[in-house]
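These are my notebook entries on one structure. I set down what I looked up, entry by entry.

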Amino acid sequence: MIECIFTIDYEIYGNGDGSLEELVFAPADKLNSLFRQAGCKFVAFIEAAELELIQDQGSDPAIGLISEQIKSFHNEGIEIGLHLHPQWYKARHENGQWRLDYSEYNLCTLPRERIAEIVDRSISYLRRVLGQPDFTPLSFRAGNWLMQPTHVAAGVLAERGIKLDSSVFKGGLQHRHGLDYRKAIGNGYYWTFSDHVDMPDANGTLLEIPTYTEMVPFWKMLTMKRVGMKGAGNDKGKGLSSHSLSSARLERLIDFLRFRYPLKLDYCRMTIDELTKMMGAIVREDRKAPGRYRPIVAIGHTKDLVDYETIRSFLAYLQENGIRVSTFKDVYDKCKT
Ligand SMILES: [Zn+2]
C-alpha cells in the first residue's frame, strides 16, 4: 500500500532576503486552498528560528499574518512540523540585511547544551504562535537536511517528544557539511534509528521517513524547471566570503560530478511528467508486492511554489491510482507496527 505525504518547508530559505508575504504567506495560502479543494492535508515544516528573529526585529510587516496562518493551519488539521536553520538564532539585522551566524549552520555539530537550548527555543516559539503551551511537534526536518552526526541531536529531539525525522534523502552527499546519505539507499521506505540516521536500528526511538528520491543520471537534473529555480532549496554559499564561496562552489561541483544523483520527489520543481513517472514506478512495484507499506514523502518550498496546475494534476493522478494523501500523524502508527 502506498501513501503520499506532502511536506512544505515554510520559510524564506537562503540569506533572509525577500518578503514573507510574497515568499511564504501567499504561496502557502494558495497551496492550502488547493489541498482543501482536493480534500487532503499536508505537513507544514515551520522554520522556527528565522520567523522568531524576524518577529523580534520587526523586520517584516507580514510576520503577524504568518503567525495567524500557522495557527489556522494547525486548527484545520494541517500538521505542524519543526524545521530549523540554527544559523538564524545569533543573526543580526543591519542596514536592512540579515547577517546569519554560519558557525551554527549544522545543529548536529554543536555542543549538547547548545542543541538543547536551540531545540527548546524553537518549540517554545511554536507553542506561543499556536497558543498551545503543551504543543509538541511530531515531526522534524533539519535545515539543509543536516542530520549528521546524529547521536546527540537525535537524543535531544527524542527527549522533547519528537518522534519522527524526515531529513534524509537517500543518496544525498554534501562534502562541505559532511552529509552522506549514500548508505541509506539500501534501506526500506522507513526505519527506526538512534546513533546514525542512515542506519536502521530496531531499538531506535526515532522513526525516519526520508524524502523520496530516485537515483538518476546527472544530466536528468538539468531540466528547464529546476534550472529556472536557482538556489535549489538550500543556501550553501550565501553570506560567505568570496574565497569560501568559490571553495563552496567547488565542493558542490564535486558532489555533482557523480554518475548518479538523487532526484528528490519535489512537487514544486518537477514537471507533471517527471512526477507521474517517478510515482508510476512505485505503483508498479506496489502491484507486485501490495503487502508492503510504502509511505512516500514529497518535498516543496513555499518560495518555489509557482506552478499550482502541476500540483493539482499530481493530486488528481494520486487519486486516480488510489493513493491516499496523508500526514505523518496518519502514517506514524502504521510504520511502528
Ligand atoms: Zn529550510
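**Entry: paired charges**

I began with E159, which is exposed, at a relative accessible area of 53%. I note that the model is a predicted one. The side chain of E159 meets that of R160 in a salt bridge, with 3.0 Å from N to O. I looked up the partner as well: R160 is partly exposed, because its relative accessible area is 22%, and the cut-off for buried is under 20%.

I then turned to E94 and R99, whose side chains also meet in a salt bridge, at 3.0 Å from N to O. E94 has a relative accessible area of 27% and is therefore partly exposed. R99, at 41% relative accessibility, counts as partly exposed too.

Is the pair of D286 and R294 buried or exposed? I found D286 buried, and R294 likewise. Their side chains form a salt bridge of 2.9 Å, N to O. I also recorded a network here: E3, R324, D330 and K334 are joined into one by salt bridges that share partners. My search of the whole structure returned 21 salt bridges. As a general remark, side chains of opposite charge can pair when their charged atoms come close.

**Entry: the zinc site**

Which residues supply the protein donors of the zinc ion? I listed E11, entered twice through OE, together with H83 and H85, each through NE2. These donors lie 2.1 to 2.3 Å from the zinc ion. I checked the geometry next: the angles among the four donor atoms run from 57 to 139°, and the site is irregular. For four donors to count as tetrahedral, all angles would have to lie between 85 and 135 degrees.

I wrote the sequence spacing of the donor residues as E-x71-H-x1-H. E11 and H83 link distant parts of the chain, being 72 residues apart. E11 sits in the loop between strand 1 (2-10) and helix 1 (20-38), whereas H83 belongs to strand 3 (residues 79-84). I found both E11 and H83 buried.

**Entry: a buried serine**

I looked up S122, which is located in helix 4 (residues 112-130). S122 counts as buried because its relative accessibility is 0%. What does S122 touch, if residues up to four places away in sequence are not counted? I noted A48, L82, L84 and Y89.

**Entry: a nonpolar patch**

On the surface I located a nonpolar patch formed by F218, W219 and L222. Together these residues have about 340 Å² of accessible area. I placed F218 in the loop between strand 12 (213-217) and helix 6 (224-227). With a relative accessible area of 36%, F218 is partly exposed; the threshold for a patch residue is over 30%.

**Entry: the protein as a whole**

I closed with totals. I counted 10 helices and 15 strands in the secondary structure of the protein. Of its 337 residues, 56% are buried. The protein exposes about 14,400 Å², and carbon and sulfur atoms supply 53% of that area. I also looked up how contacts are distributed along the sequence: of those between residues at least 6 apart, 77% join residues at least 24 apart.

How values were computed: Residues are numbered from 1 along each chain as its sequence is written. This is a predicted model: local features need pLDDT of at least 70, side-chain atom pairs count only at pLDDT 80 or more; totals for chains, interfaces and linings use all residues. Side-chain values use heavy atoms; hydrogens and water are left out. Helices (H or I, at least four residues) and strands (E, at least two) are DSSP runs, numbered from the N terminus. Buried means under 20% relative accessible area, exposed over 50%, partly exposed in between (1.4 Å probe, protein chains only). Contact means heavy atoms within 4.5 Å. Accessible areas come from the Shrake-Rupley method with a 1.4 Å probe; for residues, only the protein chains shown count as cover. Patches are made of residues with over 30% relative accessible area and no salt bridge: like charges are joined within 9 Å, nonpolar side chains (Val, Leu, Ile, Met, Phe, Trp, Tyr) within 5 Å. A salt bridge is a side-chain nitrogen of Lys or Arg within 4 Å of a carboxyl oxygen of Asp or Glu. Donors are N, O and S atoms within 2.8 Å of the metal (3.2 Å for Na, K and Ca); water is not among the atoms, so sites may look incomplete. Four donors count as tetrahedral if all angles lie between 85 and 135 degrees; four count as square planar and six as octahedral if opposite donors are over 155 degrees apart and all others between 65 and 115; anything else is irregular.
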